[in-house]
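Colleague: Could you walk me through how to read helix packing and burial in a model like this?

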Amino acid sequence: MSKLLCDFCCDDEPIVSYPAKDAAIEIPLPGGVMVLNSVGGWAACRECARLVDTGNKEGLELRTFLSYSLALPVEDERVMLKAVHEVHELFWANWLGRCNRE
Ligand SMILES: [Zn+2]
């Protein structure tokens, strides 16, 4: 059973799914390469959806960074910020531009 989480900040109450093309990237991290496969839409909670809808990329990256750094030990913030940036670029490049409000 999988509970839907916000793909940007891991909030457990996403309200929107942004349709996107399937895509994958490899993110180099100190411990190795993280492969991220994105299949289908990206779920977003209310706050992340607001940031997406207003095109606030910096705000969205900061929000994701803060939620990740609470969940994972961050040894090098620049590495984490770069990884977040690359994941978000994947979203912006493959987002199909409409959204399905639930
Ligand atoms: Zn969120």
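Modeller: Sure, and keep in mind that this is a predicted model. Let's begin with helix H1, residues 46–53, where Cys48, Ala49, Leu51 and Val52 are buried.

Colleague: How do those buried residues sit around the axis of H1?

Modeller: They span an arc of only 160° around the axis, so they end up on the same side of H1. Over on the other side of H1, you find Arg46 and Asp53 exposed.

Colleague: What covers the buried residues of H1?

Modeller: The cover includes strand E1 (16–18), strand E4 (42–44) and H2. As for what comes after the helix, H1 is followed by Gly55, which has a positive phi near 65°.

Colleague: Take Arg46 in H1. Why does Arg46 count as exposed?

Modeller: The general idea is to count neighbours: 12 or fewer C-beta atoms within 10 Å means exposed, and 20 or more means buried. Arg46 counts as exposed because it has 12 C-beta neighbours inside 10 Å. For a sense of distance, Arg46 and Leu96 are 50 residues apart in sequence, and their C-alpha atoms are 19 Å apart in space.

Colleague: Now the packing. At what angle do H1 and H2 pack?

Modeller: The angle is about 155°, with the axes 8 Å apart. An angle over 145 degrees is read as roughly antiparallel, and H1 and H2 are therefore roughly antiparallel to each other. The crossing in which H1 passes H2 is left-handed.

Colleague: Which residues make that contact?

Modeller: From H1 you have Glu47, Cys48, Leu51 and Val52, and from H2 there are Gly59, Leu60 and Arg63. Sorted by class, the contact of H1 with H2 has four nonpolar, one polar and two charged residues. Notice that Cys48, Leu51 and Val52 are also among the buried residues of H1.

Colleague: And the next pair, how do H2 and H3 cross?

Modeller: Helix H2 (residues 57–71) and helix H3 (residues 77–94) have axes that come within 9 Å and cross at roughly 125°. That angle makes H2 oblique to H3. As for handedness, H2 and H3 cross in a right-handed way.

Colleague: Which residues of H2 and H3 are in contact?

Modeller: H2 brings Lys57, Leu60, Glu61, Thr64, Phe65, Tyr68 and Ser69, while H3 brings Met80, Leu81, Val84, His85 and His88. By class, the contact of H2 with H3 divides into six nonpolar, four polar and two charged residues. If you look back, Leu60 was also listed in the contact with H1.

Colleague: Let's leave the helices. Is Pro14 buried or exposed?

Modeller: Run the neighbour count again: Pro14 counts as buried, because it has 23 C-beta neighbours inside 10 Å. Pro14 is in the segment before E1. Leaving out residues up to four places away in sequence, Pro14 touches Leu4, Leu5, Cys6, Ala43, Ala44 and Cys45.

Colleague: What about Cys10, which is in that segment before E1 too?

Modeller: Cys10 is partly exposed, with 15 other C-beta atoms within 10 Å. For the backbone, check phi: Cys10 has a value near 70°, which is positive in a residue other than glycine.

Colleague: How do the loops read by the neighbour count? Start with Val39, in the loop between strand E3 (32–38) and E4.

Modeller: Val39 is exposed, as it has 9 other C-beta atoms within 10 Å. Two distances help you place Val39. Its C-alpha atom is 7.9 Å from that of Ala20, 19 residues away along the chain. The C-alpha atoms of Val39 and Pro14, 25 residues apart along the chain, are separated by 17 Å.

Colleague: Where is Gly97, and is Gly97 buried or exposed?

Modeller: Look in the loop between H3 and strand E5 (100–101) for Gly97. Gly97 is exposed, with 7 other C-beta atoms within 10 Å. From the C-alpha of Gly97 to that of Gly32, 65 residues apart along the chain, the separation is 33 Å.

Definitions and conventions
Residues are numbered from 1 along each chain as its sequence is written. This is a predicted model: local features need pLDDT of at least 70, side-chain atom pairs count only at pLDDT 80 or more; totals for chains, interfaces and linings use all residues. Axes are lines fitted to C-alpha atoms, for helices over the stretch in contact, and angles run from 0 to 180 degrees between N-to-C directions. Helices (H or I, at least four residues) and strands (E, at least two) are DSSP runs, numbered from the N terminus. Angles under 35 degrees count as roughly parallel, over 145 as roughly antiparallel, 65 to 115 as roughly perpendicular and the rest as oblique. A crossing is left-handed if the near helix is turned anticlockwise from the far one by less than a right angle, and right-handed if clockwise. Two residues are in contact if their C-beta atoms, placed from the backbone, lie within 7 Å. Ala, Val, Leu, Ile, Met, Phe, Trp, Tyr, Cys and Pro count as nonpolar, Asp, Glu, Lys and Arg as charged, and the others, Gly among them, as polar. The arc is that of the directions from the helix axis to the C-beta atoms.
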